[in-house]
Amino acid sequence: MATTTRSAAQGILADDNTEARERIIEMLKKAYWMEIETVMSYITNSINPDGVRAQEIVESLQQDIQEELGHAQQFAQRIKELYGVVPGSLDFKAEQSYLQPPESQTDIVHVIKGVIEAETGAIEHYNRIIEETDGVDWVTQDMVIEILHDEEGHKRLFEGFLRECEADGIT
Ligand SMILES: [Fe+2]
């Protein structure tokens, strides 16, 4: 006996929305790689810095690693739900030139500015996903809005760290 399955007539899983779905999957793959690279950069920058001033930054980045890893997993899961395939590691291309280790490991301003740059890039890309999914894929949109909230929180926190450095005249 043949099983009767049918594709959804509405929503992002509908046949009519194949093109939109593929576009969204590509954006989710980019977001996935951004999160993975952020995890790598945050591990590096939560360990390298030296000095009293670096302590708070290091502790904050240590906590963020788990959160960014969670984001990567959420993006990967959504790629699968949309009938996509989560890419393998050979597809990875690094982009975060601004989060490479500074010459001096006490240069915490370099790290703070790098984190702000990374969060700004994520915020821009996630805003694009939210616009692209509007009216087409509510679930992805809802998920990305929540992740965007986290990134805006991180950015604001690190802008505060930068302000403090500026006030102390070390930028
Ligand atoms: Fe993230």
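Of the 171 residues in this protein, 41% count as buried. The model you are looking at is a predicted one. The protein has four helices and zero strands, and from the N terminus on its elements run α-α-α-α. Along the principal axes, its C-alpha atoms fill a box of roughly 70 × 30 × 20 Å. Contacts across the sequence matter for reading this model: among contacts with a separation of 6 or more, 75% are between residues 24 or more positions apart.

**How α1 meets α2**

- Start with helix α1, which covers residues 18-45; its axis and that of α2 come within 8 Å and cross at roughly 160 degrees.
- Angles over 145 degrees count as roughly antiparallel, so α1 is roughly antiparallel to α2.
- The crossing in which α1 passes α2 is left-handed.
- On the α1 side, the contact is made by I25, L28, K29, A31, Y32, E35, I36, T38, V39, Y42, I43 and N45.
- On the α2 side, the partners are V58, L61, D64, I65, E68, L69, H71, A72, F75, A76, R78 and I79.
- Sorted by class, the contact of α1 with α2 has 16 nonpolar, three polar and five charged residues.

**How α2 meets α4**

- Helix α2 spans residues 54-81 and helix α4 spans residues 138-167; their axes come within 11 Å and cross at roughly 165 degrees.
- That angle makes α2 roughly antiparallel to α4.
- Here too you can look for the handedness: α2 passes α4 in a left-handed crossing.
- From α2, the residues in this contact are E56, I57, S60, L61, D64, E67, E68, H71, Q74, F75 and R78.
- From α4, they are V139, T140, M143, V144, I147, D150, E151, H154, L157, F158 and F161.
- The residues of the contact of α2 with α4 divide into 10 nonpolar, five polar and seven charged.

**The iron ion**

- Which residues supply the protein donors of the iron ion? They are E35, through two OE entries, E68 (OE), H71 (ND1) and E151 (OE).
- These donors lie 1.9 to 2.4 Å from the iron ion.
- Read along the sequence, the donor residues are spaced E-x32-E-x2-H-x79-E.
- Distant parts of the chain are linked by the pair E68 and E151: E68 sits in helix α2 and E151 in helix α4, 83 residues apart.
- Are these two residues buried or exposed? E68 is buried, with a relative accessible area of 1%, and E151 also counts as buried at 1% relative accessibility.
- Buried means under 20% relative accessible area, so a value of 1% places E68 in that class.

**Two residues to find in α4**

- M143 is found in helix α4, where it counts as buried at 14% relative accessibility.
- Setting aside neighbours within four places in sequence, M143 is in contact with Q74, F75 and R78.
- M143 and F75 are 68 residues apart along the chain, while their C-alpha atoms are separated by 8.7 Å.
- H154 lies in helix α4 as well, and at 6% relative accessibility H154 counts as buried.
- What does H154 touch once neighbours within four places in sequence are left aside? H154 is in contact with D64, E67, E68 and E119.
- One of those partners, E68, is also a donor of the iron ion.

**Two exposed residues**

- Y83 belongs to the loop between α2 and α3, the latter covering 108-133.
- The phi of Y83 is near 70 degrees, a positive value in a residue other than glycine.
- Y83 counts as exposed, with 57% relative accessibility.
- E131 lies in helix α3 and counts as exposed at 63% relative accessibility.
- How far apart in space are E131 and L162? From C-alpha to C-alpha they are 30 Å apart, with their positions 31 residues apart in sequence.

How values were computed:
Residues numbered from 1 in each chain as written. Predicted model: local features only at pLDDT ≥ 70, side-chain atom pairs only at ≥ 80, totals over all residues. Heavy atoms only, no water. Axes fitted to C-alpha atoms, helices over the stretch in contact; angles between N-to-C directions. Helix = DSSP H or I, 4+ residues; strand = E, 2+ residues; numbered from the N terminus. Parallel < 35°, antiparallel > 145°, perpendicular 65-115°, else oblique. Left-handed = near helix turned anticlockwise from the far one by under 90°. Contact = heavy atoms within 4.5 Å. Nonpolar A, V, L, I, M, F, W, Y, C, P; charged D, E, K, R; others polar. Donors = N, O, S within 2.8 Å, 3.2 Å for Na, K, Ca; no water. Buried < 20%, exposed > 50% of the residue type's maximum accessible area, 1.4 Å probe, protein only.
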